[in-house]
Amino acid sequence: MGGLQKKKYESGSATNYISRNKARKKLCLSLADFRRLCILKGVYPHEPKHKKKVNKGSTAQRTFYLLKDIRFLLHEPIVGKFREYKIFVRKLRKAYGKAEWGGVERLRDNKPAYKLDHIVKERYPTFIDALRDVDDALSMCFLFSTFARTGKCHVQTIQLCRRLSVEWMNYIVTSRSLKKVFLSIKGIYYQAEVLGQTITWLVPYQFAHDHPTDVDYRVMATFTEFYTTLLGFVNFRLYQTLNLLYPPKLDVKGETELKAEFEEDYAMDSESYLEKLSALSASLARVVSSAEEEEAEMDYFPVEGEDMEKMEARVKAQHEQDKQKKLFEGLKFFLNREVPRESLAFILRCFGAQVSWDKSLCIGSTYDAEDETITHHIVDRPNMDKQYMNRYYIQPQWVFDSVNAKMLLPVEDYFLGVTLPPHLSPFVEEKEGDYVPPEKLKLLALQRGERPVEEDEEDDEEEEEEEDDDEEEEEDDDEEAEEEAKLKEMEEKKSQGKALPVKVTPGKVKSENRHRLEQEEKAEEKRLAIMMMKKRDKYLYDKIMFGKKRHVRETNKMVAKRKALDEASKADRKKKKQKKQ
Amino acid sequence: MSARGAAAERNSGMKKTTEKRKNREKEEQQQEEEELPMFDKNADKVGHLDDTDEEKEDLSDSEESVFSGLEDSGTDDDDDEEDDGDDDDDDDGDDASGEEEEEQDEENHNKVEKDPAAGETSLTPQTEDKPAKSRKLKKKKSVTSGGDEEEERGKSERDSGLKISSQVDEYEQDTSDEEDIRNTVGNIPMEWYKDFPHIGYDLDGKKIFKPIRSKDELDEFLEKMENPDYWRTVQDKMTGSDVRLSDEQVDLVHRLQHGKFGDINFNEYEPAIDFFSNEVMIHPVTNRPEDKRSFIPSLIEKEKVGKLVHAIKMGWIKPRRPKDSAPLYYDLWAKEDPNSILGRHKMHVPAPKIRLPGHEESYNPPPEYLLTEEERLTWEQQDPEERKLSLLPQKFPSLRAVPAFTRFIHERFERCLDLYLCPRQRKMRVNVNPEDLIPKLPKPKDLHPFPTTQSLVYRGHSSLVRSISVAPGGQWLVSGSDDGTVRFWEVATARCLKTVEVGGAVKSVAWSPNPAVCLVAISHGNTVVLMNPGLGDRLILSATDQLISSYEEPTEVKDQPVEWSLAEGTEHQQGQRLILTHPRAVKQVTWHGKGDYLACVMPDVSSNVQVVIHQVSKRRTQNPFRKNKGMVQCVSFHPIRPYFFVATQRHVRVYNLIKQELTKKLMTNCKWVSSMAIHPGGDNVICGSYDCRLAWFDLDLSTKPYKMLRHHKKALRGVAYHRQYPLFASGSDDGSVIVCHGMVYNDLLQNPLIVPVKVLKGHTITHDLGVLDVAFHPTQPWVFSSGADGTVRLFT
């Protein structure tokens with residue numbers, strides 16, 4: 001015995017966490033400033049393991065921060081800047097109130113500004129860390145760059161976002177690291193692999209935004225402030241890795257090409273330059289002006305056994321990647337004016353194609369629609385009046401699907417006026433037991449190099465066969481059911497105690513299905529074992545099994561739905577045929 | 001003070017008006033007239049009316065005037081400021097000087113006009129306070145001017161005191177321009193002449209007599225009645241004569257009473273004339289030539305400029321650089337050190353990435369991903385949080401038909417909120433293989449023998465079969481049913497050998513375990529019948545009868561709670577031997593292992609005679625418990641030792657019959673115990689309960705259940721142990737009998753092994769009741785079950 005009595009909540013998890021309000025008071029910040037600081041520093045609430053302990057016995061809802069995080073915020077120089085800014089605002093208001101315009105101007109000039117460089121470095125100690133987290137930054141920048149230059153946020157921010165996103169796109173084009181694209185309802189998803197990191201971002205379709213009222217743009221602006229800083233540094237570093245100049249410059253060839261024609265359309269030189277960059281039609285200038293960089297050949301290490309297999313697999317993967325990078329190489333595309341120019345130009349350029357568009361559409365077009373060497377003309381309208389013989393007129397989905405399939409898909413399905421095949425998400429990787437849409441199966445077959453067969457009739461036959469099978473099974477079931485019914489009848493009669501019409505019939509030889517018996521036995525064993533489970537295990541087991549069953553049910557539902565739809569469409573087709581005949 | 005303030009105001013107002021000299025006098029007059037009511041107030045404040053002596057009044061007047069003058073003059077600018085406040089006009093230096101000049105002019109004018117007043121002020125200083133005096137000396141001039149003004153006001157005030165009389169005299173009655181001749185005494189309190197018949201003297205030194213006033217009350221009254229002008233007749237104190245007020249005067253009085261201006265023509269809401277407007281007049285306000293200093297460059301400024309020029313020349317002052325708003329980027333990770341990870345990063349939980357879209361989000365998804373009409377309706381009715389899909393899958397024929405996504409900004413914003421507001425927690429996702437959760441048990445195949453199939457059905461009862469019991473030899477089976485019969489069956493053939501009508505629903509049957517006798521205890525209603533069924537070995541049957549008949553009446557007859565009687569007549573022929581009549585309905589009967597003792601349960605909450613133990617050979621009955629410990633559900637004897645198990649609703653009590661004490665109390669953790677069975681070894685007990693559980697107690701281990709088995713879906717009705725094989729069975733309302741392997745080891749360290757081996761189904765559920773009782777064959781691994789469907793079934 002002896003020793004001091006331990007008090008509650010003076011050690012352990014209760015001291016590791018701090019509630020939001022306390023943290024705010026400790027930092028002497030207003031709630032808005034605290035939130036801004038949290039956003040910039042990447043401090044987020046933690047959910048304690050034992051909430052009641054941390055909450056000192058109370059069950060009230062509170063958000064908790066790690067005390068360490070808050071202590072770490074205490075020494076942040078930006079906090080001082082926040083305070084300075086507060087004072088600045090006060091002074092400015094006063095000057096306005098007194099109508100001291102000179103004072104206002106002076107104050108404006110000395111507006112306290114802060115830099116977020118050190119925070120970026122602190123939050124992402126290594127470059128790879130930063131790359132890993134660049135997803136949200138990209139999505140946000142692409143969104144902000146589409147905002148109108150009025151109202152919701154500063155014009156400088158929008159311009160900066162535009163600049164950064166153009167730089168990013170240029171990098172992706174030059175490094176050819178785009179992997180997947182997806183046209184969703186929300187916008188266009190892009191996935192690229194940069195220095196081994198998979199980066200996905202979402203770009204909205206080019207429309208004016210209907211700004212919602214229940215969104216706090218200040219929060220978004222604060223995020224954007226940090227994201228632009230992060231993205232700028234990331235871009236700089238990425239350009240450096242490719243020996244590109246930063247800020248990006250078009251190479252000499254591109255510059256001379258673009259120079260003469262369009263200069264007079266833009267008032268400011270910088271503006272036109274950004275536009276030229278965003279056109280993505282010319283390549284960028286390098287620090288070391290080397291001709292096309294040689295592809296780094298993979299070194300071959302003599303290894304044995306499993307490593308060998310792995311090595312081979314790696315070599316194969318590398319080979320495939322290279323192939324994908326050069327997917328559109330040698331093709332010449334022309335974009336009609338109704339297709340989304342930027343995204344298509346970006347994707348096509350990423351895979352080595354030459355792209356151009358109508359001169360009046362955008363700066364930076366390199367050849368006209370009349371060019372005889374154009375191989376693909378991307379159109380998104382029912383039909384074209386003037387068509388050239390030696391090129392394919394295809395819908396834009398072909399480009400997206402080809403990129404995802406890592407091969408040039410047959411163009412027949414994508415001609416003008418044709419109902420497009422479904423556009424599948426490249427991000428879905430079906431596991432065993434998941435529902436795989438038949439289109440995906442077809443695609444996989446294509447990738448494996450199997451020729452697509454004219455399936456329609458065969459399908460019919462197969463299905464018919466299947467149906468037959470089903471019927472047979474059903475018959476079997478019926479027989480069994482009948483027997484059971486007979487037995488039941490007999491029993492009932494017995495139970496009624498009536499004298500049975502005793503009759504000896506020759507017994508049938510029941511073929512005992514050994515396999516089935518065994519299975520049944522096993523199933524029963526399992527059932528009995530499940531009965532003996534502990535309560536906790538049983539709960540978990542039931543949950544898992546419920547989930548599995550639901551999954552199977554959903555898959556079955558999808559299959560049934562598809563089947564019904566296919567049948568309906570087939571019936572339609574037949575009807576049409578009959579009508580034609 | 002307000003009066004003074006008003007005066008000051010007026011002064012300033014006057015200053016302005018000086019420009020228009022023509023109007024000036026007129027206005028002064030007006031002012032005097034205006035002052036009338038105000039002065040009265042002033043007088044009030046001073047504290048005495050005209051009754052007081054003149055000098056005093058003068059004094060007070062002068063005092064006030066001095067102070068006000070001081071303030072007026074000393075704070076000339078203040079006045080101006082007040083003006084500012086009122087008129088929103090700027091006062092420039094020039095303007096002020098001009099005003100001063102004019103003020104002076106005005107002062108002169110005043111002096112000329114009101115010399116006697118000035119004289120009066122010169123007299124006043126004697127009575128003043130010292131500080132006021134000194135201040136006054138300092139600014140004498142201004143004081144005098146202020147004083148003048150005040151005097152002027154004072155004078156007008158005195159005039160007002162006289163006003164009525166003088167006005168009346170002058171314009172009504174006397175047409176001449178002379179002063180009022182009838183008053184020669186001046187402005188003195190008229191009380192002084194109150195007692196005299198005259199007021200003052202005329203030029204010749206003769207008394208001027210007051211008009212004769214010998215009116216008494218009556219005259220007064222008469223006059224009031226007769227004279228129509230009585231109401232407008234006023235006595236003039238100066239002369240003592242009555243004066244009839246003219247219409248104008250009455251009007252004036254009325255107006256003053258209502259707080260209006262005396263002059264009808266005065267318009268108080270005259271449009272304000274802005275003298276100092278933004279319009280540039282052709283004439284300057286003042287004619288003063290500009291100062292010389294306005295032509296000469298300032299030396300101080302020159303010095304300052306010189307300094308700045310020098311500083312610029314020396315490079316001390318640099319022009320302000322235009323701000324560079326574009327951020328500067330550089331290689332931030334040039335010296336990246338992966339080890340410099342801060343301490344807090346250890347606890348860092350990186351934000352989960354946004355979920356990647358599936359096929360259903362495509363603008364042109366496969367048709368099966370589109371929702372059907374029903375699904376869409378349910379989707380719309382669900383809350384946004386509940387929805388499985390966050391958006392409605394849609395199909396567009398071509399890319400150009402795809403509209404903007406309306407919730408784009410929302411979703412981005414929500415992501416932002418998630419990033420900085422959402423609490424994060426590291427959660428371990430255990431990837432459990434569900435197969436691993438299933439306990440590894442010995443295979444039922446290895447635990448043979450146990451009953452596996454239904455082999456015989458014993459039909460005959462027309463109602464539910466409450467209880468069954470197997471003869472110790474295993475050849476016979478007895479069953480008691482609600483249809484009031486007890487049936488004896490041959491086990492091997494399912495033949496009903498004997499049916500005994502007992503006349504009442506049979507609650508319980510029990511075959512005596514003693515193989516040397518053949519006795520069956522049957523309980524129905526209040527009675528328990530001991531029956532010799534007459535089956536099997538005749539020797540044993542006769543031995544049984546002999547045992548019953550060999551009973552000799554004891555010499556001392558004890559008072560017993562149960563009445564023992566011999567069966568006679570038909571009952572005897574049926575096989576009934578002894579009839580025990582109990583005070584209440586008997587629910588259960590059970591034999592001791594030796595077959596001599598018989599325990600009966602009469603559940604009743606309020607009585608302490610719930611359990612009785614009979615000794616058959618001596619026909620003796622005893623009540624083992626003195627106290628009621630709750631409703632007894634069932635009882636059982638220990639197979640070897642003299643213990644007695646009593647199951648109440650939630651506990652099982654174990655009594656030592658020899659020591660007559662409670663040895664153990666088992667907590668069943670059940671809501672309501674229905675049945676109980678004791679392992680033939682005697683150290684293990686199973687309890688079935690109505691809340692679907694079966695509790696296995698190991699008496700050596702603990703008083704809590706060693707295992708709780710929740711195998712049944714519905715209430716358990718019966719449990720039983722096999723006598724030789726390590727088996728036990730439980731029957732339940734769900735119509736199934738579950739047979740479990742329950743191995744009890746001799747080694748005390750090894751816990752019993754319990755493995756369910758078979759679920760036997762056969763009974764049909766009638767009236768929500770399934771299996772009511774289970775019993776094992778004494779030697780074979782067979783189990784009998786009786787059900788609510790009126791059958792007994794044998795599973796082998």
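Student: Over residues 764-796 of chain B, what percentages of helix and strand does the chain have, and how far apart are the end C-alpha atoms?

Tutor: This is a predicted model, and the assignment is read from its coordinates. Residues 764-796 of chain B are 48% strand and 0% helix, with 19 Å between the end C-alpha atoms. The UniProt record, an unreviewed entry, places a "repeat: WD" feature at these residues and also at residues 458-499 of chain B.

Student: How should confidence be read, and what does chain B average in pLDDT?

Tutor: The average should be read together with the individual stretches. Chain B averages a pLDDT of 76, and 75% of its residues score at least 70. Over residues 1-170 of chain B, however, pLDDT stays under 50, and the model has 147 contacts beyond four places in sequence for that stretch. Residues 174-179 of chain B are also below 50, with three contacts beyond near neighbours in sequence. For the model as a whole, the scores are ipTM 0.85 and pTM 0.63.

Student: How is the interface described, and how many residues does each chain give to the contact?

Tutor: One begins with residue counts and buried area, then turns to specific pairs. Chain A contributes 118 residues and chain B contributes 90 residues. About 9100 Å² is buried between chain A and chain B, and carbon and sulfur atoms give 64% of that area.

Student: Which charged and polar pairings accompany that buried area, and how many salt bridges are counted between chain A and chain B?

Tutor: The count between the two chains is 14 salt bridges. One salt bridge pairs E524(A) with K758(B), whose closest N and O atoms are 3.1 Å apart. Residue pairs in polar contact across the interface number 36, with both residues at pLDDT 80 or more. On the side of chain A that touches chain B, helix α12 (residues 217-241) supplies the largest share, 14 residues. That side of chain A comprises 63 nonpolar, 35 charged and 20 polar residues.

Student: Turning to the backbone, which residues of chain A and chain B are joined by a cis peptide bond?

Tutor: Most peptide bonds are trans, and most residues other than glycine have a negative phi. In chain A, Y246(A) and P247(A) are joined by a cis peptide bond with omega about -5°. P247(A) lies in the loop between α12 and α13 (252-262). In chain B, the cis bond joins H448(B) and P449(B), with omega about 0°. P449(B) belongs to the loop between α14 (434-437) and β5 (454-459).

Student: Where is A99(A) found, and what is its phi?

Tutor: A99(A) is in the loop between α6 (77-97) and α7 (101-109) of chain A. Its phi is near 55°, a positive value in a residue other than glycine.

Note on methods
Residues are numbered from 1 along each chain as its sequence is written. Chains are lettered from A and ligands numbered from 1 in the order in which they are written. This is a predicted model: local features need pLDDT of at least 70, side-chain atom pairs count only at pLDDT 80 or more; totals for chains, interfaces and linings use all residues. Side-chain values use heavy atoms; hydrogens and water are left out. UniProt positions are given in the numbering used here, feature names are shortened, and annotations may be inferred rather than shown by experiment. Helices (H or I, at least four residues) and strands (E, at least two) are DSSP runs, numbered from the N terminus. pLDDT is the predictor's confidence in each residue, from 0 to 100. Contact means heavy atoms within 4.5 Å. Buried area is the accessible area (1.4 Å probe) that two parts lose on being put together, summed over both. A salt bridge is a side-chain nitrogen of Lys or Arg within 4 Å of a carboxyl oxygen of Asp or Glu. A polar contact is a pair of N or O atoms within 3.5 Å; within protein, one must be able to donate a hydrogen and the other to accept it, and residues adjacent in sequence count only if both atoms are side-chain atoms. Ala, Val, Leu, Ile, Met, Phe, Trp, Tyr, Cys and Pro count as nonpolar, Asp, Glu, Lys and Arg as charged, and the others, Gly among them, as polar.
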